[in-house]
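Here are my notes on how the protein meets the DNA in this one. Have the structure open as you go through the points.

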Protein chains: 2
Amino acid sequence: MTAETTGGDLSRLRHLNALTAIRVLRADEAGFTLTELARRTGLSRASTEDVVRDLTERGWVAEAEKTAGGVGRPARRYRFRADAGHLLGVDIGRHRVLALLTDLDGKVLHSHRVEAAPGLGRVERLAATDDAVRGVLRAGALSGDRLWASGVATTGLVDGTGKVMLSEALHEWTGVDLAAHLGRLVAGRVLVENDSKLAALAENWQGVARHSRDVVFILSGVATGAGLIIDGKLHRGFGNAAGEIGALPAVGWTRAPEHLRDWPGEGDIFAAARDGDRRAAAAIRRYVKDLAVGVSALVLTLDPELVVVGGGFAGSADLLIGPLRAELDRWCIRTPEIRVSTLADQGVALGAVKLAADHVGTVLASGSGLTSIDQFARA
Amino acid sequence: MTAETTGGDLSRLRHLNALTAIRVLRADEAGFTLTELARRTGLSRASTEDVVRDLTERGWVAEAEKTAGGVGRPARRYRFRADAGHLLGVDIGRHRVLALLTDLDGKVLHSHRVEAAPGLGRVERLAATDDAVRGVLRAGALSGDRLWASGVATTGLVDGTGKVMLSEALHEWTGVDLAAHLGRLVAGRVLVENDSKLAALAENWQGVARHSRDVVFILSGVATGAGLIIDGKLHRGFGNAAGEIGALPAVGWTRAPEHLRDWPGEGDIFAAARDGDRRAAAAIRRYVKDLAVGVSALVLTLDPELVVVGGGFAGSADLLIGPLRAELDRWCIRTPEIRVSTLADQGVALGAVKLAADHVGTVLASGSGLTSIDQFARA
DNA sequence: TTCATTATGATGGAGACCATCATTAAAGGC
DNA sequence: GCCTTTAATGATGGTCTCCATCATAATGAA
């Protein structure tokens with residue numbers, strides 16, 4: 001539930017003001033002077049000082065380096081202690097598991113990657129996941145109980161409790177309780193979500209969709225998926241199945257990647273197309289044609305500001321975007337801008353981190369959140 | 001912009017508390033005692049009294065009838081003065097213009113209907129609109145400058161300023177500046193929106209979708225349209241073109257109603273189907289089949305809790321819903337519940353009222369909103 | 001050294017909330 | 001009709017949070 005705009009106690013007012021102060025402080029790592037902060041929060045200098053003192057005592061804010069230069073008495077600077085806690089993001093893919101360790105602002109501190117064959121069974125894949133998590137914790141010299149929250153990405157539909165409801169891409173994966181499994185390695189909440197959805201979230205957070213409130217994200221790879229950002233928020237759907245337009249046979253998203261997979265030539269089909277191979281180019285054209293039907297359906301439904309293409313094929317976006325735009329122009333009333341993800345193969349895992357970060361944000365906003373920073377984990 | 005959860009002054013806290021008090025009070029026309037109100041707002045009795053006194057002085061709240069019975073000293077009751085202002089909702093349809101006059105809570109006080117032939121030109125249709133508005137104002141013995149806000153529904157795409165960008169259904173309608181036109185008759189803001197979107201809004205407000213946050217609404221009539229409620233809010237899209245899935249040729253929404261329109265038999269095709277006419281039944285089946293492709297695309301994209309069918313054909317829903325469900329079952333991962341609108345031909349106009357009501361709500365929430373009630377209009 | 005500039009810290013005041021308690025008003029039993 | 005019970009009302013004092021203002025402190029420039 002979002003923090004309702006409801007009033008209450010005087011302490012509630014202080015809480016709101018502390019939250020805005022933190023929001024401002026997080027905008028710049030270098031920190032702010034009290035005067036700057038006062039201006040940006042809209043509070044008086046005196047009150048700002050009070051709020052900052054409070055937050056410092058509770059451990060959320062620390063004094064930063066004074067900046068030299070400038071006339072007058074140099075001001076103290078204060079910054080949000082993003083380093084006070086850590087978040088974990090895990091992307092369980094077909095070929096590998098990627099784990100990211102970040103600070104509270106989502107800055108990646110360490111990453112660890114464990115290869116995993118596509119045919120791996122449930123137990124082995126979970127073991128690879130554990131390896132990735134242990135590896136990244138080791139790199140950060142942290143134990144799992146120091147984590148504030150974790151996010152996990154997987155293919156397939158995920159239910160509200162962190163169980164995989166249905167997965168066609170991974171063997172023996174349906175029914176896995178990822179939240180429970182990860183919960184044995186890490187402290188704090190473990191949140192599980194579909195990989196396409198999380199990649200969309202990541203684009204909206206740190207990627208090319210940072211400034212857009214309505215985004216259709218397309219995960220273009222050996223499997224095709226979509227994630228929707230609507231009104232600045234990840235749209236999950238009532239049964240967590242939003243964006244599954246590929247299920248419509250006419251859309252042919254299951255068929256689309258086959259055009260590329262069945263490429264009989266040697267080497268990379270995209271490289272071949274760039275070298276002028278006509279059959280490769282034709283196969284890519286067929287792929288885009290199939291892809292575009294589904295994208296058009298999503299775009300016509302939502303009328304987004306932006307379409308973002310990510311996933312494994314995004315590296316060859318130069319060959320995809322042009323034809324995709326042409327196809328969309330055929331079907332859509334207004335073709336949105338199309339951009340290519342720049343998050344490479346970290347996108348999904350970053351989205352998982354964002355899931356964890358949002359959970360922390362929710363707890364902060366929820367009344368009891370800003371009490372001492374030490375009491376935070378296991379909240 | 002939504003009221004951000006931002007802190008501020010002490011007066012801001014009072015403002016928030018006043019807003020919650022009003023929100024509670026609006027829930028029951030009969031009003032509340034101070035004790036009840038205090039419990040529901042979470043404030044102390046003393047503060048609640050203060051807030052209510054304040055609101056009473058400003059004209060937003062009035063004392064209601066004491067309820068008899070019960071032991072002890074009978075408590076005063078307070079109620080929101082929904083009758084303090086009026087809202088207007090206008091639905092400019094192909095065959096008629098419908099104007100509703102309501103109180104601030106959207107309770108319909110008067111309605112006025114003016115017939116209009118489908119072939120009417122711009123000037124004549126605007127004249128009919130004026131007639132409808134003047135008629136409903138006369139019925140309510142109000143002059144236009146007593147209105148706080150108005151909403152207008154029309155077919156076609158509408159831009160942010162209240163101009164019709166594109167309309168295929170009505171003659172000479174593209175480019176009409178409805179906001180400016182209505183503005184000469186009424187005070188306060190005039191908000192214009194597409195009819196399907198507004199019908200969706202109405203269902204979410206007073207109709208069968210009252211308790212759902214994600215809804216696909218289908219306007220099923222001589223023209224087909226859709227409106228989307230996402231996360232409890234009307235989704236417009238970046239270019240205000242959300243839900244226009246009918247533009248996809250494969251969907252065939254433009255074709256769909258023709259199956260019914262071209263019915264060569266005499267009388268109503270639905271009545272004929274009920275009487276056992278096989279050709280009528282077959283035509284209806286074809287209509288539903290065409291309709292269902294688009295609905296499936298919307299449903300797969302959004303995974304809503306609910307699909308609501310409204311519009312002119314909703315009266316014959318008994319013949320439509322079953323087949324529609326069967327078709328959706330074929331395509332969708334999870335077929336949502338399907339309900340039929342009960343708002344009859346008032347749905348669209350009610351949505352227009354909701355648009356106006358929301359505007360009033362926004363002004364209330366925005367800082368200066370709760371000052372004296374008299375200064376409200378022209379805010 | 002002095003001045004201008006900017007940050008800091010302290011004081012007093014106002015607004016909004018709360019807890020508590022004496023008072024008031026009605027219903028019902030005697 | 002009087003008294004008891006019940007529940008609302010109104011008043012008091014206290015606390016918290018914010019604000020405006022002013023004296024003080026620290027630094028760079030003249």
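1. Start with what builds the protein surface near DNA strand C. This is a predicted model, and in it both chains contribute: chain A brings α2 (34-41) and α3 (45-58), while chain B brings α1 (10-26), each giving at least two residues. The largest share, four residues, is from α1(B).

2. Now for the residues themselves. There are 21 around DNA strand C, and those that come nearest are B:Arg14, B:Asn17, B:Ser44, B:Ser47 and B:Arg73. If you sort the surface by class, you get seven nonpolar, eight polar and six charged residues.

3. Which part of DNA strand C does the protein mostly meet, sugar and phosphate or bases? Taking the strand's atoms within 4 Å of the protein, 74% are sugar or phosphate atoms, and the bases account for the rest.

4. Some phosphate contacts on DNA strand C are worth clicking on. B:Ser47 has a side-chain N or O atom 2.5 Å from a phosphate oxygen. From chain A, a polar side-chain atom of A:Arg45 sits 3.1 Å from a phosphate oxygen of the strand. Have a look at A:Glu49 too: an N or O atom of its side chain is 2.9 Å from a phosphate oxygen, and Glu is counted among the charged residues here.

5. Over to DNA strand D, which has 23 residues around it. The closest are A:Leu10, A:Arg14, A:Asn17, A:Ser44 and A:Ser47. By class, this surface splits into eight nonpolar, nine polar and six charged residues.

6. For DNA strand D, 71% of the atoms within 4 Å of the protein belong to sugar or phosphate, with bases making up the remainder. One contact to a base is that of A:Arg73, where a polar side-chain atom lies 3.1 Å from a base nitrogen. On the phosphate side, A:Arg14 places a polar side-chain atom 2.4 Å from a phosphate oxygen of DNA strand D. Chain B joins in through B:Arg45, with a side-chain N or O atom 3.1 Å from a phosphate oxygen of that strand.

7. Which elements give two or more residues to the surface near DNA strand D? They are α1 (10-26) and α3 from chain A, plus α2 (34-41) and α3 (45-58) from chain B. Here α1(A) supplies the largest share, four residues.

How values were computed. Residues numbered from 1 in each chain as written. Chains lettered and ligands numbered in written order. Predicted model: local features only at pLDDT ≥ 70, side-chain atom pairs only at ≥ 80, totals over all residues. Heavy atoms only, no water. Near = heavy atom within 4 Å. Polar contact = N/O pair within 3.5 Å; in protein donor to acceptor, adjacent residues only side chain to side chain.
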